Amino acid sequence: MSDCIFCKIASGEIPSKTLYEDEKFRVILDLGPATRGHALILPKTHAADLFELPDETAAEVLVLAKKMGITLKEKLKCDGLNLVQNNGAVAGQTVNHFHLHMIPRYQGDGQKIGWTPKKTDPEELEAIQKEITG
Ligand code: 5GP
Ligand code: ZN
């Protein structure tokens, strides 16, 4: 994708603060970090989102996230880690090249990553279960 910024970053055409690179992935520091060390895993081959990502790449991403997560914990002494992956504008995706956020968490960092739980009931849950699995 010639006009995709993450393709250009992943290929090295646009410089980035790279933490890791191999033939298939580049891991970079996010320019608008939620916390210290907020990183993004970018596949080098363009896929707009999770739905376009080849199965093999999807599987490798989580293995790489585990490896990078261990490094972030060791080097930055973070207390926890959020993995966030947005698909579609309504879900918060702003760059249409698959990326997995790795957000180190520190006691008292003040960040909020989550949602407001709503009420439901067994009937509604059952209806949803049927809709998805039926
Ligand atoms: P999304 O909202 O699509 O899940 O996440 C996009 C992320 O990419 C944001 O956290 C944003 O700060 C980051 N970002 C956008 N443009 C650039 C860039 O040019 N370089 C880097 N390193 N991060 C970027
Ligand atoms: Zn791309």
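A polar contact is a pair of N or O atoms within 3.5 Å. With that cut-off in hand, this report looks at ligand 1 and then at the salt bridges. The model is predicted.

**Around ligand 1**

Start with Leu29. One of its backbone N or O atoms lies 2.9 Å from a nitrogen atom of ligand 1. That falls within 3.5 Å, so the pair counts as a polar contact. Gly32 also offers a backbone N or O atom, 3.4 Å from an oxygen atom of the ligand. Asn86 uses its side chain instead: an N or O atom there is 2.9 Å from an oxygen atom of ligand 1. The protein covers 79% of the 520 Å² of accessible area that ligand 1 has on its own.

In total, 16 residues surround the ligand. The closest are Asp30, Asn86, Gly92, Thr94 and His101. By class, the shell has eight nonpolar, seven polar and one charged residues. Helix H1 (5-11) and strand E2 (25-29) each supply at least two residues of this shell. H1 gives the most, with three.

**Salt bridges**

Side chains of opposite charge can pair when their charged atoms come close. The structure holds six salt bridges. Three of them are listed here.

| Salt bridge | N to O distance |
|---|---|
| Glu21 and Lys44 | 2.7 Å |
| Glu56 and Lys24 | 3.3 Å |
| Glu126 and Lys130 | 3.1 Å |

Take Glu21 and Lys44, whose side chains meet in a salt bridge. This pair links distant parts of the chain, 23 residues apart. Glu21 sits in strand E1 (residues 18-21), and Lys44 in the loop between strand E3 (39-43) and helix H2 (55-76). Glu21 is partly exposed because its relative accessibility is 41%. Lys44 has 25%, so Lys44 too counts as partly exposed.

Glu56 and Lys24 also form a salt bridge. Their pair spans distant parts of the chain as well, with the two positions 32 residues apart. Glu56 belongs to helix H2, while Lys24 lies in the loop between E1 and E2. Glu56 counts as exposed because its relative accessibility is 52%. Lys24 is partly exposed, at 30%.

Glu126 and Lys130 both lie in helix H3 (residues 122-133). They are four residues apart, about one turn of the helix. Glu126 is partly exposed at 42% relative accessible area. Lys130 reaches 54%, so Lys130 counts as exposed. Elsewhere, salt bridges that share partners join Glu21, Arg26 and Lys44 into one network.

Notes. Residues are numbered from 1 along each chain as its sequence is written. Chains are lettered from A and ligands numbered from 1 in the order in which they are written. This is a predicted model: local features need pLDDT of at least 70, side-chain atom pairs count only at pLDDT 80 or more; totals for chains, interfaces and linings use all residues. Side-chain values use heavy atoms; hydrogens and water are left out. A salt bridge is a side-chain nitrogen of Lys or Arg within 4 Å of a carboxyl oxygen of Asp or Glu. Buried means under 20% relative accessible area, exposed over 50%, partly exposed in between (1.4 Å probe, protein chains only). A residue is near a molecule or strand if one of its heavy atoms lies within 4 Å of it. A polar contact is a pair of N or O atoms within 3.5 Å; within protein, one must be able to donate a hydrogen and the other to accept it, and residues adjacent in sequence count only if both atoms are side-chain atoms. Accessible areas come from the Shrake-Rupley method with a 1.4 Å probe; for residues, only the protein chains shown count as cover. Ala, Val, Leu, Ile, Met, Phe, Trp, Tyr, Cys and Pro count as nonpolar, Asp, Glu, Lys and Arg as charged, and the others, Gly among them, as polar.
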